[in-house]
Amino acid sequence: MNNILNLYNIELKRIYKWLLALLGVLIAGNILIVGATIFNTVNEIAASIETKPSISLMKLQAAKRILNEYNIYNMIHLTNLLLGLCVLVCLAYALVIWYRDVFGKSKTGYALFMLPQNKMNVYIAKALTVISMIYITTLTQMFLSIASLSLIKSLVGLSSTEILFILNPRIRQSLLFIQPYFIDFVMINVIGVILAVVVIFTGVMIQKSFKIYGIVLGVMYVIGAVFIFFKLTQVAEYTEQLLMYHGIYYIALFLVSIGLSYTLLNKKVYI
Amino acid sequence: MNKKTSKIVLFTTMGLMIMSTIAMGLNIKYDNGLEDISGSKENLDNVNIVYQKKVGAYRTKEVKLSKDDTKVNEFEKALDLHLPFTTFYKEQRDFYSESYSRTEYNYEYEDTIGFINTDRIYGDEILTLEFKVKEKNLKTNKEIEYKLEVTEENPDGKYSAWLGMPIRYNGELYASVIWSDENVESVYSANKEAWINIYKLDLENEKVELIDSKKFKNEDELVQLGYPSFTHNNKYYISKDIFTTTVTGETKVNKSFITYDLETKKFDSTDMEEDMVAGQYYSVDDIEGNVAYISTFNERYNTRTLKISTLDLDNDKFIKENEIYNIEVPEEGYEYNLRDIRCVEGKIYAVINGYEKPDLEEGRDQYNKNYVYVIDKNSKEVLYIGLIKEKLNAEINLDIVLDEEL
């Protein structure tokens, strides 16, 4: 455990400035989106009643209507899109975290391949780094969403129930990264993130083990894992079927990926 | 960044993630009960209001409201929208999942259940009906699928066919199919001509035989067949609306049920005495024993009345026609419609949905409210009104179910 935490510390040191920059982009993006939402709403009300734009216009009933019609939904949708991009950047780092060791001849690369170190510790430390990066961005977005909705709530005078009521039917129809329901959150935002990282890592292990053919095999492994996930989603007709299919698939995919990674890491991975 | 800081980052992140997950699990607990508006829940007797609600992609919740209590099953086997909430349909859900969305297409005999899906394949001057029949033996759990076809002439491709209602009678399978011209006239989707074909489906030899047919065509009238239709024992009951325009320009509708008895191989007709207002949608939501209740509840004319006609299926005669029940709604500003109705032992049980009329100034999504009504069928007195506390939209599967069916 201590070894893993040491390696995690090394990994986090290498990325924390980039992570802070990413969070900065996320926060700035949220401020811009919320600002634009309020700005647009104020302008729309001002145009409709032919008066000068002012933040006090947000207290009018028309603000509720305009926000309800599309502005709040657009705001949530755009902030989630931004979060989705940030998560993609983190997942891309799941590739970078391995290749910078190889090409950069860094300390962790040295620790991985030269020292009598359990290679799986390095694997776990790297996985923890990427997973915690995604969790940090997700948690930040959750906090920002609550803050922005609270701001709008206080400006317009909508109750929490009304905001939830506006969002609920629309949330169902949209693909949001942060799932609004408990099991969905666990399956996608908690376990799904862990699996995504493990699958990408396994793809990297495959690539490193089979040289040039490994690129094709590694990419196929990742695409295959994603394809099966969506295929199962399509095949399952009922909620409990989907939970069962995804549950079994998650366990199987995790075991296969970890088993494959462990074997390749100890027997075939080369520099 | 030192080791201590990275540890704090890791454990704080994981801790917050776990706490957020737990908070999400504890969050949003909907109030699932039935709020009394007037009268006592005791009037529900052995009738339950059951609904299912999809909560995210992985969970279906089922709520059962009865006179005694409210039972919530947070993880329930999801049922298709078109299937009733009975134990039988829950058990056979996977079998029926492929059937098209009407229970009228299902049939049962001896130890076998089945359904027919009817597809249309348009060709050059022809229309081919493809009957996909699926049967399951409940004793052996063996399922068999059949595909049968019949091709009919279709000059200029102007006819269409639908509603392949099945009946198993004397070991044979029959299907009634409604044909009509596609040149729909008037706002009521009525046709210049329409007819009913009765086909015998020979499953073993995969042959389809037309055994009888009845056509409706009159120069001064428009006809609409099939809304609503049902089967009972060896008989088809297919609604026929004849639309005529009076001298004052008003459209009147004469409604009747065309019956076809597979035993006598004869068409017959059971007329409803009273002319109805055009465009009112009638439905057969309930068949109890040998009586069918044909109901309508239409707010378009601000009547807010429930009309029920009672058809004796033994004699094919209406016992009562268009009995009017005044429905006083608890709240104005809503548009009301009937979601489900059952008539059991002298009482009418109905779920009426109120959809909030859009208010642009208020500026928020419209609320759905669902009220449970119990009405004495004879005295017409409203015995109970209850509000289903949870807000349920039209996508929700809701049913009135008796204790013994659960």
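In the predicted model, chain B carries 52 positive and 79 negative side chains. The centres of these two sets are 6 Å apart. Some of the negative side chains gather on the surface: Asp124(B), Glu125(B), Glu153(B) and Asp156(B) make up a patch of negative charge there. Asp124(B) belongs to the loop that runs between β6 (112-122) and β7 (126-137) of chain B. With a relative accessible area of 69%, Asp124(B) is exposed, because a residue counts as exposed when this value is over 50%.

The secondary structure of chain B consists of three helices and 26 strands. The C-alpha trace of chain B extends over about 90 × 50 × 45 Å along its principal axes. Chain B has 406 residues, and 53% of them count as buried. About 19400 Å² of chain B is exposed, and 45% of this area is supplied by carbon and sulfur atoms. When contacts in chain B are taken between residues at least 6 apart in sequence, 48% of them join residues at least 24 apart.

Glu381(B) illustrates the surroundings of a residue in a loop of this chain, the one between β24 (368-376) and β25 (382-388). Its relative accessible area is 46%, so Glu381(B) falls between the limits of 20% and 50% and is classed as partly exposed. Apart from neighbours within four places in sequence, Glu381(B) is in contact with Val374(B), Ile375(B) and Asp376(B). Trp179(B), by contrast, is 202 residues from Glu381(B) in sequence, and the two C-alpha atoms are 42 Å apart in space.

Salt bridges were examined next. Side chains of opposite charge can pair when their charged atoms come close. Over all chains, a search of the whole structure finds 24 salt bridges. In one of them, the side chains of Asp45(B) and Lys347(B) meet with an N to O distance of 2.7 Å. This pair links distant parts of the chain, 302 residues apart: Asp45(B) is in the loop between β1 (34-39) and β2 (47-55), and Lys347(B) is in strand β23 (residues 347-356). Asp45(B) counts as partly exposed at 33% relative accessibility, whereas Lys347(B) counts as buried at 13%.

A salt bridge also joins Glu143(B) to Lys134(B), with 3.3 Å between the closest N and O atoms. Glu143(B) has a relative accessibility of 38% and counts as partly exposed. Lys134(B) has a relative accessible area of 7%, which is under the 20% limit, and is therefore buried.

In the pair formed by Lys235(B) and Asp316(B), the closest N and O atoms of the salt bridge are 2.6 Å apart. Lys235(B) is part of strand β14 (residues 235-245), and Asp316(B) is in the loop between β20 (305-312) and β21 (317-326), so the salt bridge ties together parts of chain B that are 81 residues apart in sequence. Lys235(B) and Asp316(B) are both buried. In chain A, a network of salt bridges links Glu11(A), Arg14(A) and Lys126(A).

Chain A contains eight helices and zero strands. Along the sequence, its pattern reads α-α-α-α-α-α-α-α. Of the 271 residues in chain A, 52% are buried. The accessible surface of this chain amounts to about 13100 Å², with 73% belonging to carbon and sulfur atoms. Among contacts in chain A between residues at least 6 apart in sequence, those that join residues at least 24 apart make up 75%.

Helix α6 (residues 182-209) of chain A includes Lys208(A). The relative accessibility of Lys208(A) is 5%, and the residue therefore counts as buried. Lys208(A) and Trp98(A) are 110 residues apart along the chain, and 9.8 Å separates their C-alpha atoms.

A nonpolar patch is also present on the surface of chain A. It is formed by Phe210(A), Ile212(A), Tyr213(A), Ile215(A), Val216(A), Leu217(A), Val219(A), Met220(A) and Ile223(A), which together have about 910 Å² of accessible area. Ile223(A) is located in helix α7 (residues 211-235). This residue is exposed, because its relative accessible area of 53% is over the 50% limit.

Methods
Residues numbered from 1 in each chain as written. Chains lettered and ligands numbered in written order. Predicted model: local features only at pLDDT ≥ 70, side-chain atom pairs only at ≥ 80, totals over all residues. Heavy atoms only, no water. Patch = residues over 30% accessible without salt bridge, like charges linked within 9 Å, V, L, I, M, F, W, Y side chains within 5 Å. Areas by Shrake-Rupley, 256 points an atom, 1.4 Å probe, with all protein chains shown as cover. Salt bridge = Lys/Arg side-chain N within 4 Å of Asp/Glu carboxyl O. Lys, Arg positive; Asp, Glu negative; His and termini not counted. Charge placed at Lys NZ, Arg CZ, Asp CG, Glu CD. Helix = DSSP H or I, 4+ residues; strand = E, 2+ residues; numbered from the N terminus. Buried < 20%, exposed > 50% of the residue type's maximum accessible area, 1.4 Å probe, protein only. Contact = heavy atoms within 4.5 Å.
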